[in-house]
Amino acid sequence: MAAGASRDTRALSAGLAGLALCLLLVCGLSIAVGSRSIDFSVVVDALGGHAQNSTEQTVVNDIRVPRTLLGLLVGAALGLSGALLQGVTRNPLADPSIMGLSAGAAAFVVLGISVLDIRDLGGYVWLAFAGTAVAAVLVYGVASFGREGATPIKLALAGAAVAAGLWSVTTGVVMTDVDALDQIRFWQVGSLAGRNMPVLEQVAPFLAIGIVLALVCGRALNGIALGDSTARALGQRVEATRALILVAVTVLCGAATAACGPIVFVGLVVPHVARAICGPDYRWILPYCLLLAPAIFLVCDVLGRIVLAPGELEVGVVMGVLGAPFFIALVRYRNLAEL
Amino acid sequence: MTGGVTTLRTAPVGASIRTLRLHRRRSRFALTALLGALAFALFVITLTVGSSSIPVTDVLASLFGLESNEGVDFIVHDLRLPIAGAALCVGLALGIAGTLFQQLLNNPLAAPEFVGISAGASLAAVSGIVLFAWSGIEISLAALAGAFAAAILIYALAWRGGISGYRLILIGIGLTELMLALVTYLIARAQIYDAREATHWLTGSIGQSGADELRALIVVLLLLSPLALLLNRSLRTLQLGDDAARGLGARVETARLGLLAIAVALVAFATAVAGPIAFVALVAGPIAHRILGPTQSSILAAGFVGASIVLVADLIAQQVLPVALPTGVVTGAVGAPYLLWVLVTLNRQGRGG
Amino acid sequence: MTAALLIATTVAACGSDSSASEDAGGPWKFTDGSGETVELESTPTRIIAHSHAAAALLSFGIRPVGIYADVPVEEDPGLKDLDLEGIEILGETWGEIDVEKAATLNPDLIVADWWPVEDAYSGTEGGVKAESKKIAELAPIAGSAQGDSIVSVIEGYEDLARSLGADLSEEGVAGRKQRFEDAVAGFEAAAGAKPDLTALAVSPTNELLYVAVPEHAPELLDFRRWGLDVIIPDDPDKAFPYWENLSWENADKYQPDLLLVDDRSYPENLEQAEKQPTWDTIDAAKAGSETPWPGYWIHTYEDYAEQLESLTAAIDKADPKLGSS
């Protein structure tokens, strides 16, 4: 705690501005680069609406732009929800999959495919959202039994329990319904590919609300990080804050997973990087996550578009492969016990 | 959890302490034996149920070779015995390995599936199925190799002048996510029948493999369990934490490595037999601990609990459910209520966290 | 097992089964798709079959006593419209066969597809439960080999049925084969009339557009043989050579005149594809020139005839000047 307490506000603000600029550049990259090589001048033309080749105009405007915007929002959502979870559970390992939220999304999607015969991406969005919400309610509900309410260890255990139960359901269904398996195995990889304006329109409001909620919670997280009793002594209403934060997490994760399927590492790693840069103050960690996470996410997506052209490698795989060495380096060379 | 050392320091109260310890040891022995009997009873039950109802006496007669009836023998020896045997051995191996992990890493949530070994086995097996159209024993060997490779990799990455349990788990989680991302990718790209085969393997099912893998597991169990019990004494000192143990002159690293290696080997061979069966390793130790009371957990007891869980799960998966499903689906469904039970009881004792 | 054979021979001699076996007492020999020869003391009458093989046998008038399927029988495309009265269902999940129940049926023969790549029959592949593999110990297995043609698969089962004593000149059976032969003739005529017509077999998903490589799809190889130019993609996935993966940005890489859409989740996959902004950059898609393409499940003349007839209609409607390739 002492080590990180005194960081220069001016330096941090400058850092944030620099990061914002970076993010802008990454967005430009995401629009200009893809599995189809399009000249930069054509990209600019397309954005203006007067590209000569109509296919390329469609690719830039109807595929890459919505995809970039979605990547921005989803990346930010994942990064923020990871930071919130780690703060509220005081557990540096927390991320949406540990809390059973991804399992909830997957279970509902697979049930929707098998029982309700839903096959379209728009339908998946609602199912995944509902699944995440149900899992979150279950986890929070179970963890709240008893005097102390939903303490970190109880949340972790409840998350593991709910994940287990939901995983069983999902597996049971795909074992008996090969069609459901055939659909969900693509969704499980986690990808921005094929998500265009309709998906963006569906989830953007939730992502926006979630992001605002998350940023508002920054100060409260600082208190909670000190421990429940300390936080109460400081005048915080711990239960209410915790509930609000979990609502924000549910909205963010739900919408993010709904749009792209389960994505690993963003929620786990980015908060640690942010913390390494700006110390333990959540009023800085959250804005840094807000900018850092989408930057990393979009860069990985762009990489995935290049390496297997004319095909694509899904961003979920890229994040999995690149995120791991990064995370491991983080664990090895920085003592993660210091939060 | 402090066991023998504290009682030594309070020697003047000697006699009554000694009686207490003897009492505890006797009841611990009795309870462990009871658990063993339970596992055996479930083993016999597994042999007696099935689509064709065969009287228990006939089953036992066939089992011990007292009578020879071709039809009954085929069903008992060729169909049911490998299943029951595999369930028993896999459960034993996972139970023992799970409790070893938990004690070594000092964390009740430590389990092979979180530490990355199961993921390594899974990646190797799925690659074999999807990329190389391997079958049967080849898949099991791949799983074995994958488990060991992952264990070595995790250990190497986590080693920095020594092993901290915390770092090991973290790196294990990181590698698990990586490997599972690759597994998901392979399943997405495969032909649907390969994807189905891979998913079936990943779920974990008793009776998935043949006699060779089971024999290997039995040998490993027979060799390594006594070794683990012997090394268990060092384990108690480890539970005091690294610093205290070092102070007592215990050779922490060697003992830890040895027990870790045993645990890894048990999981690897069990996974080669049945695929990654979820949650058995996680819950067997704590359940045994709860049953035996506040003394140290018995590794053997954990093994018996593991065996019982797997046998029950297999019975449910194969006989009770309307559609036959792989065992792993049921253990996942069992893991959930168990964890919830932990929560509720933790709660009542006011130790919620 | 001797008891089983004895019962089987007696039952066959009484002629109560639908399989008309004239030489019920004589030895039976058959070399199947794997190249192995099965020899039994008499013609088998109690047959357990994998779902696809069962569909084939049933179409030739051979009625198995037991069937094991990979999905619930009402959902299996080959079995769902058939009358399975009196046939024991031994499993409806891939990899799980109730071998105990199978044993009580006393089978003489197990029939399932032979997969050369997996070196196994359907139901005994690498990843199934070891117990399921024990079904091979109940009776010998025989089956038609999956290879580079659906026709050869069906013909393989036709040969097996004939050797099992089926009457292939029976009205229904012969009629179905005739319909198939007519359908092939119609297909060849339609394809021949439009030699410049190109077709592309695709499987659209939300993330990618998969283009099928005919070499790994026996139906597509049949179509090519009968004169339809199914485009061969030039850059298949190195690790998974059955498809070339195209990102939706590159959906227009190939411009066929007719799109063959994977029928396994049709028409939902087509609806999803239509929502992709670049789907219409494929001229054939924009013109609505598409038709479902049956993947992997066809095992009978009748099913194949039906599919060929609808494909022929699509070819007739298609405009060979649409696409450029």
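Where in α15(A) does a kink lie? I looked, and a bend of about 30° sits at A:G323, shortly before the proline A:P325. The bend at a residue is the angle between axes fitted to the seven residues ending there and the seven starting there.

**Ground rules**

I'm working with a predicted model, where local features need pLDDT of at least 70, side-chain atom pairs count only at pLDDT 80 or more, and totals for chains, interfaces and linings use all residues. Residues are numbered from 1 along each chain as its sequence is written, chains are lettered from A and ligands numbered from 1 in the order in which they are written, and side-chain values use heavy atoms, with hydrogens and water left out.

**Helix α15 of chain A**

I noted how helices are named: helices (H or I, at least four residues) and strands (E, at least two) are DSSP runs, numbered from the N terminus. Next I checked the length of α15, residues 315-333 of chain A. The expected span is 1.5 Å times one less than the number of residues. For these 19 residues that gives 27 Å, and the end C-alpha atoms are 26 Å apart, which agrees.

**Two odd spots in the loops**

I wrote down a reminder: most residues other than glycine have a negative phi, and most peptide bonds are trans. A cis peptide bond joins A:A309 and A:P310, with omega at about 5°. I found A:P310 in the loop between α14 and α15 of chain A. Then there is A:F265, which isn't glycine but has a positive phi near 80°. A:F265 lies in the loop between α12 (238-260) and α13 (266-278) of chain A.

**Chain A against chain B**

How many residues of chain A are in contact with chain B? I got 50, facing 49 residues of chain B; contact means heavy atoms within 4.5 Å. About 4,000 Å² is buried between chain A and chain B, and carbon and sulfur atoms give 75% of that. Buried area is the accessible area (1.4 Å probe) that two parts lose on being put together, summed over both.

I found one salt bridge across this interface, meaning a side-chain nitrogen of Lys or Arg within 4 Å of a carboxyl oxygen of Asp or Glu. A:E314 and B:R189 form a salt bridge at 3.1 Å, N to O. On chain A's side, α7, α8 and α15 each give two or more residues to the surface touching chain B. α7(A) gives the most, with 15 residues. I sorted that side by class and got 30 nonpolar, eleven polar and nine charged residues. Here Ala, Val, Leu, Ile, Met, Phe, Trp, Tyr, Cys and Pro count as nonpolar, Asp, Glu, Lys and Arg as charged, and the others, Gly among them, as polar.

**Chain A against chain C**

This contact takes 30 residues from chain A and 27 from chain C. The buried area is about 2,300 Å², with 51% from carbon and sulfur atoms. A:R119, A:F186 and A:P310 lose the most area to chain C, together 22% of what that side buries. So A:P310 turns up again, this time as part of the 22%, by the buried-area rule.

I counted three salt bridges between chain A and chain C. In one salt bridge, the side chains of C:E207 and A:R195 meet at 3.0 Å, N to O. The elements giving two or more residues to chain A's side are α4 (54-89), α6 (121-143), α7 (152-176) and α8 (178-187). α4(A) gives the most, with six residues. By class, that side has ten nonpolar, ten polar and ten charged residues.

**Last look**

Over all chains I get 24 salt bridges. A:D301 pairs with A:R67, their closest N and O atoms being 2.9 Å apart. This pair links distant parts of the chain, with A:D301 in α14 (residues 282-307) and A:R67 in α4, 234 residues apart.
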